[in-house]
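Trainee: I am new to this structure and would like to go through it slowly, one question at a time. Could we look at it together before we begin?

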Amino acid sequence: MILTGTYIFNGPRAAVWDLLQDPAVLAKALPGTKTLTRTADDQYHGVMKVSVGPVTAAEFAVNVELKDKVPPEKFSMQIDGKGAVGFTKGTATIDLQEQPGPVTVMNYSSDVQIGGKIAGVGQRLLESVGKMMTKQALEALNRELQSRLGKQ
Amino acid sequence: MPAEARYLSARVLRNEDARLLTGRALFVDDVQIEGMLHVAFVRSEHAHGRLKGVDVSAAMRRLGVVAVYTAEDLGDYWRAGPLLVPPPPIPNLVFHACTQVPLAKDKVRHVGEAIAMIVAENRYVAEDAIRDVVVDIEPLDAVVDLEKGLAPGAPLIHEQLTSNAAAHVVQRKGDYASARKKADLVVKRRFFYDRGAAAAIENRAIAVNWDPKAEELTIWDTTQAPIPIRNGLAKMLGLLESQVNVIAPFVGGGFGPKIMMFYPEEVLLPWAAIRLSRPLKWTEDRQENFYATTQERGQVHDAEMAFTREGRILGVHDVFLFDTGAYDPYGLTIPINSQCTLLGPYDIPNYESEFTAVFTNKTIVTPVRGAGRQHGVFVSERLLDIAARELRIDRVEIRKRNLLGPDRFPHNHEIMFQDSAPLVYDSGNYLPTLEQAVDLIGYDKFIKDEQPRLRAEGKHVGIGVVCYVEGTGIGPYEGARVTVEPSGKVRVATGVGTQGQGHFTVFAQLVADALGVDVEDVRVVTGDTREFHWGTGTFASRGAVVAGSACHAAAMAVREKILRLGSSLLNVTPEQLELRGGQVRVIGANGAAIGLGELSGLANPLRGAVRPGTEPGLESTAYFGPDRGSTASGVHAMIIEVDPETAMVEIKRYLVAHDCGTIINPLIVEGQIHGGVAQGIGNAFYEQLVYDEQGQLLNASFMDYLIPTATDVPRVETAHRETPSPFNPIGLKGVGEAGCIPTGALFAQAVEDALSDLGVEITEIPLSPNRLFELIESAKAAGK
């Protein structure tokens with residue numbers, strides 16, 4: 001499954017970058033995240049609950065490794081998830097560009113392989129669920145960004 | 001058949017329906033034994049990968065789990081399954097046998113391949129324990145596409161081989177190259193036919209009971225071949241065949257995947273039941289069925305047909321790839337069926353056909369109703385349609401010009417059929433069947449009047465007419481035992497399994513006719529090795545032909561015994577006797593008579609002796625084994641309306657005119673055809689197993705895998721012709737697959753005709769509204 005898109009954060013790039021490196025923030029922002037902890041530098045482990053069509057609240061244990069970091073501009077993620085109903089495996093790249101405002105334009109692209117039961121019964125809905133979860137996450141992050149900037 | 005026969009060719013209601021309709025029929029999942037444990041399987045989520053480790057420790061600790069087995073635990077019992085059908089003796093044939101294993105070891109080769117077996121107090125616990133098992137797989141790139149699978153550098157599925165080619169076969173008749181030089185027209189296309197599921201209403205199931213005191217193993221199995229399963233398992237387990245009973249009770253649809261033998265579950269449950277000394281049961285769930293029950297029919301054909309200007313076929317050249325899935329236990333039955341059935345009812349003097357079977361990281365392919373015949377029919381019928389268009393000859397006319405005439409039988413096609421015998425059609429009379437179909441569907445009137453009128457109204461309506469043959473009733477043999485019981489009722493036992501075909505009725509009809517009893521008084525037992533333990537199974541549309549002929553032969557032998565004993569007791573010659581109303585009686589008014597029940601008692605006296613050369617009772621066992629199969633034939637015709645905006649279709653009429661030799665029971669023949677057509681429509685327009693590039697099946701449920709419902713399947717009109725086969729005494733030919741073989745070819749022709757203004761050409765099956773929409777759009781774009 002390939003998901004690509006652009007999202008505009010209302011704030012400077014450095015602030016967006018910091019947000020994206022903070023597991024506590026990500027845990028709140030990513031839909032279905034039960035836990036997300038840093039296990040080593042640039043390595044995270046989490047448990048997520050995902051519902052896709054007939055597969056409801058399926059738990060996935062997810063390992064994420066951040067790679068190719070060029071602060072505050074770009075990084076990529078190696079994602080490895082495993083659960084009772086299948087697995088996910090793939091990469092995502094994030095690119096941040098600051099524009100006047102200041103606003104930050106995020107270009108993201110991910111290529112994730114999905115296998116097992118969830119692929120067999122949820123395929124029709126995977127892409128729309130993926131898009132919806134991405135949108136929810138980015139909006140939650142933008143809200144968090146606004147509240148951080150407001151406090152400053 | 002005796003003169004007094006009254007059931008042959010009669011619309012006798014089915015003997016088995018009372019039991020089926022009132023819920024008194026035993027299915028495997030109904031088997032409950034005290035102390036029974038339940039089984040679930042851990043299956044691969046990856047299509048291709050190295051199996052680095054399987055940690056079952058957490059599963060073993062779960063309350064209620066009795067045992068967990070991996071490949072390592074099987075010891076010497078772990079071995080690849082048998083090659084079920086060795087390839088026929090075709091010169092220069094290459095075949096690499098790589099058969100399935102009970103539990104994956106070292107490598108996984110398709111999603112759903114079994115990795116570990118869990119035995120627990122109930123299925124809930126067993127299913128929960130699946131999640132406790134930690135499977136470490138290093139994924140490898142998957143082979144999904146057939147051509148990419150053969151390309152240099154493709155990931156290798158079976159590493160002992162040098163490529164993913166499982167087999168290579170060339171069959172030739174005449175000299176195609178020379179024939180082509182003389183051709184006025186050569187039509188060449190590439191054709192695709194993709195995978196579907198058999199989707200039987202009952203999934204696979206196995207229940208096993210090991211009786212340690214009797215040292216007897218009883219297995220209830222949804223198999224189409226109980227006797228070979230018994231023999232094979234006895235050998236694997238080191239038991240005498242007589243220590244193993246296999247019962248295939250009522251089975252909710254076979255369609256081929258249940259003739260696949262020694263599935264991992266079939267091999268593992270008996271082994272574990274003995275080891276644990278506990279009865280076990282496993283019933284496949286629907287999702288497992290999508291991954292672990294065999295499937296069919298990915299093929300890609302590059303085919304050409306050479307014609308004279310008059311539309312006479314000079315020859316056919318076909319090169320195709322056949323997707324055999326991750327393993328090839330069923331040998332080459334399917335591609336050889338495709339190769340042979342392509343010749344159809346036509347006079348094709350020159351033929352060259354080459355195929356390569358390809359291993360892929362998908363579920364194993366074994367025959368599914370039609371078993372490759374669809375592909376051959378699709379290729380030749382499509383090429384005929386295209387040639388008709390180019391030569392401006394009517395579609396029906398070009399077929400008429402090429403049909404084999406009735407004087408051409410037996411007709412030797414000079415190539416080898418799937419049963420390792422030359423492809424020889426025993427008998428046939430094709431033209432009258434085609435004319436009958438054309439007449440009944442109103443072809444001429446439709447083309448001349450109705451279609452122009454409806455088109456003027458803006459409706460896209462089309463008509464299709466296609467021909468096919470169906471190789472049926474192959475050997476090696478089946479047997480039957482017929483016994484007249486003292487009650488006067490007759491018991492028939494035969495070895496084939498039954499999956500809804502109506503065996504309890506047609507076999508009873510044949511026996512009732514031979515013995516002059518009521519059909520309701522004949523009790524048939526099938527698929528129970530305790531009752532009859534010689535035979536092969538239910539496949540290749542052979543039940544009625546082969547087992548039916550054996551039932552007939554056994555009943556005729558009992559008839560002889562009755563006449564002999566009757567003549568001595570009634571003091572007349574056998575010629576003066578008839579069997580009627582459950583009695584043997586002297587012909588003529590008020591003739592003396594003895595009831596068959598009484599006679600069976602007299603044939604089994606408590607005192608006195610059975611003389612040398614005679615046997616007690618009224619019982620006989622007989623076998624029937626034809627040298628080769630009998631070839632049935634038919635014509636399907638349909639009128640369809642296509643909505644070019646939505647690409648949905650509506651079948652206005654569907655007609656099958658067919659010839660399966662002597663008909664035992666038209667009701668049952670029609671039922672076979674109706675069911676086959678429904679399955680064929682599914683294959684043509686609804687059903688497709690979609691795999692992604694990593695070998696993940698993307699539609700493994702009935703939410704996404706669409707099977708046609710009652711609203712999609714029209715009333716099927718049928719017409720029968722009977723050209724008896726000379727290969728068996730009653731003249732039978734099979735009909736089990738007739739309904740689904742030409743349906744794809746018919747759909748393609750009729751839809752093309754409906755959309756002729758847009759110039760849509762169809763070279764692939766299955767279609768779907770989506771795919772047809774794409775074809776319509778690209779035809780529109782090309783037309784602009």
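Mentor: Let us start with a term: a residue is buried if 20 or more other C-beta atoms lie within 10 Å of its own, and exposed if 12 or fewer do. Please keep in mind throughout that this is a predicted model.

Trainee: With that cut-off in hand, are the faces of β19(B) covered or not?
Mentor: On one side B:H460, B:G462, B:G464, B:V466, B:Y468, B:E470 and B:T472 are buried, and on the other side so are B:V461, B:I463, B:V465, B:C467, B:V469 and B:G471. Since 13 of the 13 residues of this strand, residues 460-472 of chain B, are buried, it is largely enclosed by the rest of the structure. The faces of β19(B) are therefore both covered.

Trainee: In what order do the four strands of the open sheet in chain B stand?
Mentor: Strand β19(B) is joined by 13 bridges to β27(B), residues 630-643, and the two run antiparallel, with B:G471 opposite B:T631. Further along, six bridges join β28(B), residues 648-659, to β29(B), and these run parallel. The pairing is thus mixed, and the order is β19-β27-β28-β29.

Trainee: Why is one side of β19 and of β29 in chain B left without a neighbour in the sheet?
Mentor: Strands β19 and β29 (716-721) of chain B each have a single partner strand, so one side of each has no neighbour in the sheet, and the place where they stand is at the edges.

Trainee: Which helix lies across β19 and β27 of chain B?
Mentor: The helix covers residues 443-456 of chain B, and it runs at about 150° to β19(B). Its name is α13.

Trainee: Which helix gives the largest share of the largest nonpolar core?
Mentor: This core has 189 residues, and those touching the most other members are B:V492, B:F507, B:V511, B:L515, B:C551, B:A555 and B:V751. The largest share, 12 residues, comes from residues 543-570 of chain B, which form helix α15.

Trainee: Which residues does B:L515 touch, not counting residues up to four places away in sequence?
Mentor: Leaving out those sequence neighbours, the contacts of B:L515 include B:A555, and both of these residues are among the core members that touch the most others. The full list is B:V490, B:A555, B:V558, B:R559, B:L579 and B:L596.

Trainee: How many residues does each chain bring to the contact between A and B?
Mentor: The side of chain B that touches chain A has five nonpolar, six polar and three charged residues. Counted by chain, the contact takes 13 residues from chain A and, from chain B, 14 residues.

Key
Residues are numbered from 1 along each chain as its sequence is written. Chains are lettered from A and ligands numbered from 1 in the order in which they are written. This is a predicted model: local features need pLDDT of at least 70, side-chain atom pairs count only at pLDDT 80 or more; totals for chains, interfaces and linings use all residues. Two residues are in contact if their C-beta atoms, placed from the backbone, lie within 7 Å. Ala, Val, Leu, Ile, Met, Phe, Trp, Tyr, Cys and Pro count as nonpolar, Asp, Glu, Lys and Arg as charged, and the others, Gly among them, as polar. Two strands pair if DSSP finds at least two bridges between them. A nonpolar core is a set of buried Ala, Val, Leu, Ile, Met, Phe, Trp, Tyr and Cys residues joined through C-beta atoms within 7 Å. Axes are lines fitted to C-alpha atoms, for helices over the stretch in contact, and angles run from 0 to 180 degrees between N-to-C directions.
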